[in-house]
Amino acid sequence: MSKQPIGIFDSGVGGTSIWKEIHSLMPNENTIYLSDSINAPYGPKGKDAIIKLSIKNTEYLLNKNCKLIVVACNTATTNAIDYLRSNYAIPFIGIEPAIKPAALQTKTDAIGILATKGTLSSELFSKTSNLFARNVEVIEQIGNGIVELIENGKLHSEEMKSLLKIYLQPMIEAHIDYLVLGCTHYPYLIPILLELLPKHVRIIDSGEAVARQTKAVLEKHNLINLKSLNSKNDFFTNGNPEVIKSLLGNTFNIEYLDF
C-alpha cells in the first residue's frame, strides 16, 4: 500500500497550499489533489451539505486507491471529518485554525482570525477557541468574497486588496500581534497581508503542521513510500485548470473533471 497515493481534497484550489507543504516534506509520496471549485466556497453552506460534498470527494479519492486522505479545507474538517472517520476505514488528516499557538504566544492579548463562516460557526472552532483563547481578545472576521476572487484568478487584484483592508482594519485597531489564517486559500494572500499589516504582526497558517501530522500518521500505519524516486502528482478540478496552473506552474498534470 505504501506506493498508493495520498488523497487531498478542498473546496477549490486553496488546498494546494497544503499540498505544497506535504510535497516539500515527503517528495517521494504520490499524490492526487481534488479541487471541488464548482462548489466553492463551502463556508456559507450548511453542515449537511458540507458532509455530502465531503463524502463525494472521499468516494472519488477512494476509487483512486488513496491510502490516506487529507481534508485540506477548514470548513470541511470542522463540519465533516468526524463523520468521515466514523464511516471509512482509512486515516483522515484534518485542518483547523492555529488558534492555540497564537493565543499562547500573543503579547498584546489580542489575535485576529480570518476564516470562512462555516469554520467560525462550527462546534470544533468554538471548542478550540474556548479552550485556548479564553483570556485573549479574538477578533473574528468572515472572509466573504476572498475564495471567490482566488477561484476566479483575481488573487492579485485591486478588488482583493481593498477587501482585505476592510477586513484587517478592526484587527489593527485592536492591536493584534498574530493573525491566524483559517482557510487553506488564505496562505496565498500572505504577500498582500504583509503589505497591509503592521510589521510586528505574525501570520500563522496550518500548512507545515498538517504536513508533519500526515507524515506521522503514515509512519504509524507503515504507509510511508520509501521506494519511489519520481513521485506522481495529479491534480483534478471541476473548475478552471488555469487557476491551479497560476498557483503551481505548468510542471504538473492538471485535468478538468466533470465532477
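Tutor: Rings of Phe, Tyr and Trp (its six-membered ring) pair if their centres lie within 6.5 Å, with planes under 30 degrees apart counted as stacked, over 60 as edge-to-face and the rest as tilted. By this rule W19, Y33, F235 and F252 form one aromatic cluster. This is a predicted model, in which local features need pLDDT of at least 70 and side-chain atom pairs pLDDT 80 or more, while totals for chains, interfaces and linings use all residues. Residues are numbered from 1 along each chain, and side-chain values use heavy atoms, without hydrogens or water.

Student: How many aromatic pairs does a search of the whole structure find, and why is the pair of Y60 and F236 called edge-to-face?

Tutor: The search of the whole structure gives seven aromatic pairs. The ring centres of Y60 and F236 are 6.0 Å apart and their planes stand at 70 degrees, so the pair is edge-to-face.

Student: What makes this pair a tie between parts of the chain that are apart in sequence?

Tutor: Y60 belongs to helix α2 (residues 47-63) and F236 to strand β9 (residues 233-237), so the pair ties together parts that are 176 residues apart in sequence. Helices (H or I, at least four residues) and strands (E, at least two) are DSSP runs. Y60 and F236 are both buried, that is, under 20% relative accessible area.

Student: Why is the pair of Y88 and F92 tilted, and are Y88 and F92 buried or exposed?

Tutor: The ring centres of Y88 and F92 lie 6.2 Å apart and their planes are at 55 degrees, so the pair is tilted. Y88 is buried, and F92 is buried as well.

Student: How do you know that K56 lies over the face of F259?

Tutor: K56 is at 4.5 Å from the ring centre of F259 and lies over the face of that ring, where the rule asks for NZ of Lys within 6 Å of the centre and within 35 degrees of the ring normal.

Student: What makes up the lining of the largest pocket?

Tutor: A pocket is an open set of points on a 1 Å grid where a 1.4 Å probe fits, with protein on both sides within 12 Å along at least five of seven lines, and lining residues have an atom within 4 Å of a point. The lining of the largest pocket holds 15 nonpolar, six polar and eight charged residues, and helix α10 gives the largest share, seven residues. For the second largest pocket, the largest share of the lining, seven residues, is from α3.

Key:
Buried < 20%, exposed > 50% of the residue type's maximum accessible area, 1.4 Å probe, protein only. Nonpolar A, V, L, I, M, F, W, Y, C, P; charged D, E, K, R; others polar.
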